[in-house]
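Let's take a walk through a protein chain together. Have the sequence and the 3D view ready, and follow along at your own pace.

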Amino acid sequence: MSAERPVGIDELLERVRSDLDRVEAADAYDAAQAGAALLVDIRYAALRDRDGLIPGALVVERNELEWRLDPQGSHRAPEATSHDLRVVVVCNEGYASSLAAASLRQLGLRRATDLVGGFQAWRASGLPVTS
(Lines give C-alpha, C1' and ligand atoms only; values in the text may rest on other atoms or scores of the structure.)
Protein backbone atom coordinates (compact mmCIF):
# COMPACT_ATOMS: atom_id res chain seq x y z
CA MET A 1 0.00 0.00 0.00
CA SER A 2 1.59 3.29 -1.08
CA ALA A 3 0.62 6.54 0.49
CA GLU A 4 0.05 9.59 -1.72
CA ARG A 5 2.56 12.35 -1.36
CA PRO A 6 1.09 15.29 0.57
CA VAL A 7 0.23 18.27 -1.60
CA GLY A 8 1.16 21.76 -0.41
CA ILE A 9 -1.19 24.67 -0.89
CA ASP A 10 0.82 26.16 -3.78
CA GLU A 11 0.59 22.93 -5.74
CA LEU A 12 -3.08 22.51 -4.88
CA LEU A 13 -3.82 26.04 -6.12
CA GLU A 14 -1.93 25.36 -9.32
CA ARG A 15 -3.90 22.15 -9.87
CA VAL A 16 -7.35 23.64 -9.28
CA ARG A 17 -6.58 26.77 -11.27
CA SER A 18 -5.55 24.69 -14.28
CA ASP A 19 -9.20 23.59 -14.51
CA LEU A 20 -10.69 27.06 -14.03
CA ASP A 21 -11.32 29.70 -16.66
CA ARG A 22 -10.38 32.50 -14.24
CA VAL A 23 -11.63 35.97 -15.11
CA GLU A 24 -10.17 39.44 -14.78
CA ALA A 25 -12.14 42.16 -12.99
CA ALA A 26 -13.33 44.04 -16.11
CA ASP A 27 -14.56 40.81 -17.72
CA ALA A 28 -16.38 39.78 -14.52
CA TYR A 29 -18.03 43.21 -14.39
CA ASP A 30 -19.14 42.99 -18.03
CA ALA A 31 -20.50 39.46 -17.58
CA ALA A 32 -22.42 40.43 -14.44
CA GLN A 33 -23.84 43.56 -16.10
CA ALA A 34 -25.00 41.46 -19.07
CA GLY A 35 -26.65 38.92 -16.76
CA ALA A 36 -24.22 36.26 -17.98
CA ALA A 37 -22.59 35.61 -14.59
CA LEU A 38 -23.44 35.65 -10.91
CA LEU A 39 -20.77 37.26 -8.75
CA VAL A 40 -20.55 35.60 -5.34
CA ASP A 41 -18.66 37.44 -2.60
CA ILE A 42 -17.30 35.01 -0.01
CA ARG A 43 -15.24 37.53 1.99
CA TYR A 44 -15.91 37.55 5.70
CA ALA A 45 -17.97 40.35 7.26
CA ALA A 46 -15.04 42.34 8.64
CA LEU A 47 -13.53 42.70 5.15
CA ARG A 48 -16.87 43.63 3.62
CA ASP A 49 -17.39 46.22 6.37
CA ARG A 50 -13.89 47.61 5.89
CA ASP A 51 -13.67 47.64 2.09
CA GLY A 52 -17.26 47.72 0.85
CA LEU A 53 -19.38 45.56 -1.42
CA ILE A 54 -19.61 44.82 -5.12
CA PRO A 55 -23.05 46.07 -6.19
CA GLY A 56 -25.27 43.18 -7.25
CA ALA A 57 -22.98 40.46 -5.91
CA LEU A 58 -24.54 37.70 -3.86
CA VAL A 59 -22.89 37.64 -0.43
CA VAL A 60 -22.43 34.09 0.88
CA GLU A 61 -20.16 33.20 3.76
CA ARG A 62 -17.54 30.68 2.64
CA ASN A 63 -18.75 28.05 5.11
CA GLU A 64 -22.24 28.17 3.50
CA LEU A 65 -21.19 28.38 -0.15
CA GLU A 66 -21.89 24.84 -1.30
CA TRP A 67 -25.27 24.71 0.46
CA ARG A 68 -26.37 28.06 -0.99
CA LEU A 69 -25.20 27.43 -4.57
CA ASP A 70 -26.24 23.79 -5.05
CA PRO A 71 -29.23 24.01 -7.43
CA GLN A 72 -30.58 20.76 -5.93
CA GLY A 73 -30.08 21.81 -2.32
CA SER A 74 -32.86 22.60 0.11
CA HIS A 75 -30.91 25.64 1.39
CA ARG A 76 -30.05 27.09 -2.02
CA ALA A 77 -30.19 30.79 -2.76
CA PRO A 78 -32.90 31.83 -5.25
CA GLU A 79 -30.11 32.73 -7.68
CA ALA A 80 -28.87 29.11 -7.75
CA THR A 81 -31.08 28.15 -10.64
CA SER A 82 -29.04 25.63 -12.62
CA HIS A 83 -25.82 23.67 -12.86
CA ASP A 84 -25.16 25.71 -16.03
CA LEU A 85 -25.02 28.96 -14.05
CA ARG A 86 -21.78 30.87 -14.54
CA VAL A 87 -20.59 31.67 -11.02
CA VAL A 88 -17.62 33.96 -10.41
CA VAL A 89 -16.43 33.57 -6.83
CA VAL A 90 -14.81 36.63 -5.24
CA CYS A 91 -12.61 36.53 -2.14
CA ASN A 92 -10.26 39.24 -0.92
CA GLU A 93 -7.19 38.53 -3.07
CA GLY A 94 -8.10 35.59 -5.33
CA TYR A 95 -6.73 32.61 -3.42
CA ALA A 96 -9.60 31.16 -1.37
CA SER A 97 -11.93 31.82 -4.29
CA SER A 98 -9.99 29.39 -6.50
CA LEU A 99 -10.50 26.60 -3.96
CA ALA A 100 -14.16 27.58 -3.53
CA ALA A 101 -14.77 27.53 -7.29
CA ALA A 102 -13.18 24.08 -7.51
CA SER A 103 -15.54 22.88 -4.79
CA LEU A 104 -18.54 24.25 -6.70
CA ARG A 105 -17.36 22.40 -9.79
CA GLN A 106 -17.36 19.18 -7.76
CA LEU A 107 -21.06 19.88 -7.10
CA GLY A 108 -21.65 20.00 -10.85
CA LEU A 109 -21.49 23.77 -11.36
CA ARG A 110 -19.22 23.23 -14.36
CA ARG A 111 -18.94 26.93 -15.21
CA ALA A 112 -17.87 28.07 -11.74
CA THR A 113 -14.67 30.08 -11.66
CA ASP A 114 -13.10 32.91 -9.71
CA LEU A 115 -11.87 36.48 -9.99
CA VAL A 116 -8.14 36.91 -10.51
CA GLY A 117 -6.88 39.11 -7.66
CA GLY A 118 -10.22 39.05 -5.86
CA PHE A 119 -11.96 42.10 -4.46
CA GLN A 120 -8.69 44.02 -4.25
CA ALA A 121 -8.22 43.70 -8.03
CA TRP A 122 -11.86 44.75 -8.56
CA ARG A 123 -11.36 47.89 -6.50
CA ALA A 124 -7.94 48.65 -8.03
CA SER A 125 -9.58 48.49 -11.48
CA GLY A 126 -11.89 51.33 -10.47
CA LEU A 127 -15.02 49.17 -10.69
CA PRO A 128 -18.09 50.04 -8.58
CA VAL A 129 -17.94 49.48 -4.83
CA THR A 130 -20.55 50.48 -2.28
CA SER A 131 -20.01 51.01 1.43
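Which residue forms a salt bridge with Asp-51? Before you go looking, keep in mind that this is a predicted model. The partner is Arg-123, and the closest N and O atoms of the pair are 3.4 Å apart. Now find the two ends in the sequence: Asp-51 sits in helix H3 and Arg-123 in helix H6 (residues 118-124), so this pair links distant parts of the chain, 72 residues apart. The two ends also differ in how much surface they show. Asp-51 is buried, because its relative accessible area is 11% and the cut-off for buried is under 20%. Arg-123 has 38% relative accessibility, so this residue counts as partly exposed.

What's behind a pairing like that? Side chains of opposite charge can pair when their charged atoms come close. A search of the whole structure turns up nine salt bridges, so there are others to visit along the way.

Let's try Glu-66 next. Its side chain meets that of Arg-62 in a salt bridge, at 3.0 Å from N to O. Glu-66 counts as buried because its relative accessibility is 15%, while Arg-62, with a relative accessible area of 31%, is partly exposed.

Then there's Asp-84, which forms a salt bridge with Arg-110; here the closest N and O atoms are 2.8 Å apart. Asp-84 is in the loop between H4 and S3, and Arg-110 is in the loop between H5 and strand S4 (113-114), so the pair ties together parts that are 26 residues apart in sequence. Asp-84 is partly exposed, with a relative accessible area of 39%. Arg-110, at 51%, counts as exposed, because the line for exposed is drawn at over 50%. One more stop on this theme: Arg-5, Glu-11 and Arg-15 are joined into one network by salt bridges that share partners.

Now let's move to the strands. Start at S1, which has both faces covered: Leu-38 and Val-40 are buried on one side, and Leu-39 and Asp-41 are buried on the other. S1 runs parallel to S3, and four bridges join them. Look for Leu-38, which stands opposite Val-87 in S3. S1 also runs parallel to strand S2 (residues 58-59), this time with two bridges. Asp-41 has Val-59 in S2 as its bridge partner. To get from S1 to S2, the chain crosses through helix H3 (residues 45-51), and this β-α-β crossover is right-handed.

What about the nonpolar parts inside? The largest nonpolar core has 19 residues, and the members that touch the most others are Val-40, Ile-42, Leu-65, Leu-69, Val-87, Val-89 and Leu-104. Strand S1 (38-41), helix H4 (65-69), strand S3 (87-90) and helix H5 (96-106) each supply at least two residues of this core. H5 gives the largest share, three residues. Zoom in on Leu-69: leaving out residues up to four places away in sequence, Leu-69 touches Leu-38, Val-40, Val-60, Ala-80, Val-87, Leu-104 and Leu-109. Apart from this core lies another, made of 14 residues, among them Ala-25, Ala-37, Val-90 and Phe-119.

Last stop: where is Ser-97? You'll find Ser-97 in helix H5. Ser-97 counts as buried because its relative accessibility is 0%. Again leaving out residues up to four places away in sequence, its contacts are Ile-42, Val-89, Val-90, Cys-91, Asp-114 and Leu-115.

Note on methods
Residues are numbered from 1 along each chain as its sequence is written. This is a predicted model: local features need pLDDT of at least 70, side-chain atom pairs count only at pLDDT 80 or more; totals for chains, interfaces and linings use all residues. Side-chain values use heavy atoms; hydrogens and water are left out. A nonpolar core is a set of buried Ala, Val, Leu, Ile, Met, Phe, Trp, Tyr and Cys residues joined through side-chain atoms within 4.5 Å. Buried means under 20% relative accessible area, exposed over 50%, partly exposed in between (1.4 Å probe, protein chains only). Contact means heavy atoms within 4.5 Å. Two strands pair if DSSP finds at least two bridges between them. A crossover is right-handed if, with the strands pointing away from the viewer, the path from the first strand over the helix to the second runs clockwise. A salt bridge is a side-chain nitrogen of Lys or Arg within 4 Å of a carboxyl oxygen of Asp or Glu.
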